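Let's take a walk through a protein chain together. Have the sequence and the 3D view open, and follow along as we go.

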Amino acid sequence: MQHAGSPEGYVLAKVSSVAAQLLKRGWHDFSTAEKETFFHQIKQASLGIHGVHVQFIGINFLESLVSEFSPSTSSAMGLPREFHEQCRRSLELDYLKVFYCWTRDAALSVANKITESDSAVDEVKVCTAALRLILQILNWEFQCNSNGKKGVNVFSSGIRQDAGLSNRSECILVQPGPGWRDILISSRDIVWLLNLYTALRQKFSHEGFSIDCPIAVSARKLIMQYCSLTGTIFPSDNGQLQEHHLLQLLSGIIHWIDPPDLVSKQIECGKSERSLFSESPSAAGYFSDYVLVTHQILLSCLCSEMLDGCRALLAMATVTSPTMFNQLLKSIRPFGTFTLLSTLMCEVIKVLMTKAPDEETWSWEARDILLDTWTALLMPLDSAGGIVLLPPEGVDAAATLFTFIVESELKAASASAFNDDVDSDYLHTSISAMDERLSSYALIARAAIDVAIPLLTRHCTERFTRLHQGGGSLDPTETLEEVYSLLLITGHVLADEGEGETPLVPTAIQRHIADSVVPDKNPVVILCSSIVRFAEQSLNPESRSSFFSPRLMEAIIWFLARWSQTYLMSPEGSQDSSYSSKADNMHQVQSISSGQTVLRYFSEYDHGKTVLDIIVRVAIATFMSYPGEKFLQGLTCYQLLHALVRQKNICIHLVTLESWSKLAIAFANEKMLFMLNASHQKSLAQTLVLSASGFRDSESANQYVRILMGHMTAYLVEISSKNDLKRVAEQPDTILSVTCLLERLRGAASASEPRMQKSIYQMGSSILNSTLILLEVYKHESAVIYLLLKFVVEWVEGQISYLEAQETTVVIDYCMRLLQLYSSHNIGKISLSLSSSLLNDAKSEKYKDLRALLQLLASLCSKDLVDFSSDSLEAHGTSISQVVFYGLHIVTPLISLELLKYPKLCRDYFSLLSHMLEVYPEMVGQLNNEAFSHILETLQFGLHHQDSEVVNMCLRALRALASYHYKETASGKMGLGSHASSLRNPKGELQEGIFSRFLRTTLQLLLFEDYSPDLVGAAADALFPLILCEQGLYQKLGNELIERQANQTFKSRLTNALQSLTSSNQLSCTLDRMNYQRFRKNLTNFLIEVRGFLRIV
């Protein structure tokens, strides 16, 4: 403070930071009186008693102190984690409110001088620092916001988590608790802050001053943060105090964004004038430069204020209900907040549509913030998927906004039709890239569904009619782009994404569309039917050549895929088959909700089968009439057809369609479909085989699969039987044929179900010898090898559980031959002589092979867990464990720690290893030293992996080994024998035994390292038998840990905790379920007691 006037600001800031660290380090050593004396001096400094410069240093020191005491921003001090938590709690309970009051008073003391001065003064720096500190205090992660009691989380990293808000534009909730009510709510701080900012705005025209200067920016940020106050700081008074609080804030913020058209006009005029000055050479000179800078400042300020105003609305929307949100503005305007929100977003979109698609302007950011605001209102974080009812004005505002959105999107689509720019958003942005924005649009539409559906119907009908009236004589490009945009918007409004589950009809459509006695009059039925009829017209060759471009077909296929998952032959719509035959039951029909009306209209008993046939024929057209359109055909394979066969009630009708039979025949025989992308052929094969589940009996299903795949198996056998195979194998055509066949077979194998199991087993068994021949021939073609291995994996995984003992023996013998052949050719080996780039490429290729082999071994293991056969394998002299351990002998030497950095390979490896050690621990003793050392090395690696699931699997493996060894030795047997004692690694170095080694590692992990608290249970299950196996070492490690504690209190706590760990809750030395549960409880209590002071941060 003696050097407060020094111009070395950076040095002073660092001194404050160091002082804060020193104070924290001695926090528990200082008496209360010493702290009070020290902070009294800080208070005097921060209130300006010793002058402005000292005042700034005092506030700056408090800012450093708050930062240092916050776990997420604290410095590493080499002190126990418990110490940091105790400091944080002490500051929050005893000093944080005091600091807030001092800082607020400091800002008040200098505010008048700032606003009354015509130029920048030293007090500006003080006020800026004070506002920044208040913002920092409000951003504190309050944990003692109710009764002041909360235990220390000994497992957390100290980083603040706002995961629920991560996708909402920088909105962090402030929940300080009722103890802060008088300070933050009941005081007039907010009124003062708004008045300060208003005064700063008035100084805007002064030379050298801008409302984007630090003090103005800090004031706006603080205003926005006050908007995020929520929780128990407000009393249970039906939201009256919270509404009054937000109304105060909105009264000051409203001028930043209202009227929206005037604000946006000012921003755009500022940009235009700036452009004019920058482009005019005659405007050069001092005056023009000055005007240009002034306009730049104006533009920046208006943009910042506008965006911050949008963020403030987002914060209010996040902490209020839609009704309260709308009511806020009515006290100061003749309309509600929803009307303002709608008008504001319309204006933002209007400006946005005038910009180049790749130009990220303020309007882009404003649109995203406002969309997040609508999302916060329509899908609150605490709604749990419930219905959100908007006030009538909110519905009208949503209707107005959605109407404007649709019209704007259509204009933009039309304008992009002849845009040859490669960066054009509408021409090149994929559907998935627009999905988030379109989903937000859909929420707004559903809020006003009674308006949205007829609007979309009208626009679709107009465009469809325009295309037909053109008859090929007019250029349809603009209309096609508009239809493309409409299909995407409509698809999002009508249906949600499945995400692995069958999506339901949106609640808004179920409840808010006016019900109709006649389904043909239902607005949703009308809209859906018009699009399906339009899609059907693509089957007409003349229409297809006229206006059904590949791009338009992409939108149609995407729409049909999304729509069919919700509406086509839904089980809900098919529950009452009397719908189509009993029209006289008017009461029943009238009681049906709109959603049910639509579902029944497209059910299997009404129009559903007709629509299904149209969809299948359209899918065939994408394959036959659009060759080379990979994206379109990918949508058809992966989204549309998969959506159909995923539903059993659709499959039943699918296999009866003539169009589906034509698709299956074409797949088996047509060269056109053999020219599809290889991965698309796999998907199509899977789809066609899955549809067999729709047959009424298994014999029909198996016969269908035999006919479908018979040609493929025969062709593969024919290729592998050629006398000159080695000569022709390397020809591109042959490689392509083999690749496509393997992909098809792989797709069929992945579709295995009990009903089709017999035919798929026959399909695979008929080509076993052929695959071995191909493995030999293509040993240097990594792509072919990988596909071959993946086919075997898919086939074995789908078949192994259903095979009888004799069939299982055939499969196991085949897998042994495959592994031997793979090993004999060193296919998985990577040459160290390769250059670094080639070495990395080789690793990427080989890791996929190794992962496939691991999956194959894991599939074989599953036979011991799930077996539907009628007889036992042992009776045929076959052992799964021997085969799998033989496979491990082959595979594990190829898996280096570098390869384990590939996440998928790592998970598969440890999954298999964990399973093997849990189910066959006795086989570990039969491993040679090299193989056993490699397993230990990988387990050591896995225990420190960042993936919690990998760590969990390693802990399970350790539990299996330790418990097996302990039980075996307790009964006088060898257990793991020499592996349990010290052994030499491949380098000849002597290492301690497995249990000694992992006892140390597990204790180190539990006491000193970061990990998820979900792992404590698995760690306890591993640690318990490890302690029993190495009781002497455990006592030694415990004593060493105790002796390292210099603090007598910590030493005593640790001694007692170690004693309780192995003796509390009547724990005994028997490895049974009850003792495992007791030890889990003991370990949890142990870690809560000691981890806080043992971990050094």
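## Salt bridges, and one inside a helix

A salt bridge here is a side-chain nitrogen of Lys or Arg within 4 Å of a carboxyl oxygen of Asp or Glu. Keep in mind that this is a predicted model. Side chains of opposite charge can pair when their charged atoms come close. Lys-350 and Glu-347 make a nice starting example: their closest N and O atoms are 3.6 Å apart, and the two form a salt bridge. How far apart are these residues in helix 14? They are three residues apart there, so about one helical turn separates Lys-350 from Glu-347.

The two partners sit in different surroundings, if you go by accessibility. Lys-350 is partly exposed, with a relative accessible area of 44%, whereas Glu-347 is buried at 11%.

## Bridges between separate parts of the chain

How many salt bridges does a search of the whole structure find? The count is 39. One of them joins the side chains of Lys-330 and Glu-393, at 3.4 Å from N to O. That pair links distant parts of the chain, 63 residues apart: Lys-330 is in the loop between helix 13 (322–328) and helix 14 (337–352), while Glu-393 is in helix 16 (residues 392–415). Lys-330 counts as partly exposed at 38% relative accessibility, and Glu-393 counts as buried at 18%.

Now look for Glu-482 and Arg-466, whose side chains meet in a salt bridge at 3.2 Å, N to O. Because Glu-482 lies in helix 20 and Arg-466 in helix 19 (residues 449–470), the pair ties together parts that are 16 residues apart in sequence. Glu-482 is buried, with a relative accessible area of 7%, but Arg-466 counts as partly exposed at 36%. This pair has company, too: salt bridges with shared partners join Arg-458, Glu-462, Arg-463, Arg-466 and Glu-482 into one network.

## The nonpolar core

Time to head inside. The largest nonpolar core has 353 residues, and Tyr-226 and Trp-563 are the ones with the most contacts inside it. Which helix gives the largest share of this core? That is helix 12 (residues 286–319), with twelve residues.

Try zooming in on Tyr-226. Leaving out residues up to four places away in sequence, Tyr-226 touches a list of others that includes Tyr-100, Ile-134, Leu-138, Asp-189, His-245 and Leu-249.

## A buried alanine in a loop

Next stop is Ala-495, in the loop between helix 20 (477–494) and helix 21 (507–512). Is Ala-495 buried or exposed? With a relative accessible area of 1%, Ala-495 is buried; the cut-off for that word is under 20%.

What is Ala-495 in contact with, once neighbours within four places in sequence are set aside? The answer is Arg-446, Pro-506, Arg-562, Thr-566 and Tyr-567. You can also check a distance here: the C-alpha atoms of Ala-495 and Ile-509 are separated by 9.6 Å, and the two residues are 14 residues apart along the chain.

## Backbone oddities

The peptide bond from Asp-258 to Pro-259 is cis, with omega near -5°. You'll find Pro-259 in the loop between helix 10 (240–257) and helix 11 (260–279).

Two other residues have a positive phi although neither is a glycine: Met-569, at about 50°, and Gln-1066, at about 60°. Met-569 is in the loop between helix 24 (550–567) and helix 25 (586–590), and counts as buried at 0% relative accessibility. Gln-1066 is in the loop between helix 48 (1048–1061) and helix 49 (1073–1094), and counts as exposed at 65%.

## Helix 48, one face in and one face out

Let's finish with helix 48. Its 14 residues should span 20 Å at 1.5 Å a residue, and the end C-alpha atoms are 20 Å apart, which agrees. At the start of helix 48, a side-chain oxygen of Asn-1047 reaches to within 2.8 Å of the backbone nitrogen of Thr-1049.

Leu-1054, Ala-1057, Leu-1058 and Leu-1061 are buried in this helix. Seen down the axis of helix 48, the buried residues fall within an arc of 100°, so they line one face. They pack against helix 47 (1031–1043) and helix 49. The face turned away from that buried side carries the exposed residues Gln-1048, Thr-1049 and Gln-1059.

Terms used:
Residues numbered from 1 in each chain as written. Predicted model: local features only at pLDDT ≥ 70, side-chain atom pairs only at ≥ 80, totals over all residues. Heavy atoms only, no water. Core = buried A, V, L, I, M, F, W, Y, C linked by side-chain atoms within 4.5 Å. Buried < 20%, exposed > 50% of the residue type's maximum accessible area, 1.4 Å probe, protein only. Helix = DSSP H or I, 4+ residues; strand = E, 2+ residues; numbered from the N terminus. Contact = heavy atoms within 4.5 Å. Expected span 1.5 Å × (residues − 1). Arc of directions from axis to C-beta. Polar contact = N/O pair within 3.5 Å; in protein donor to acceptor, adjacent residues only side chain to side chain.
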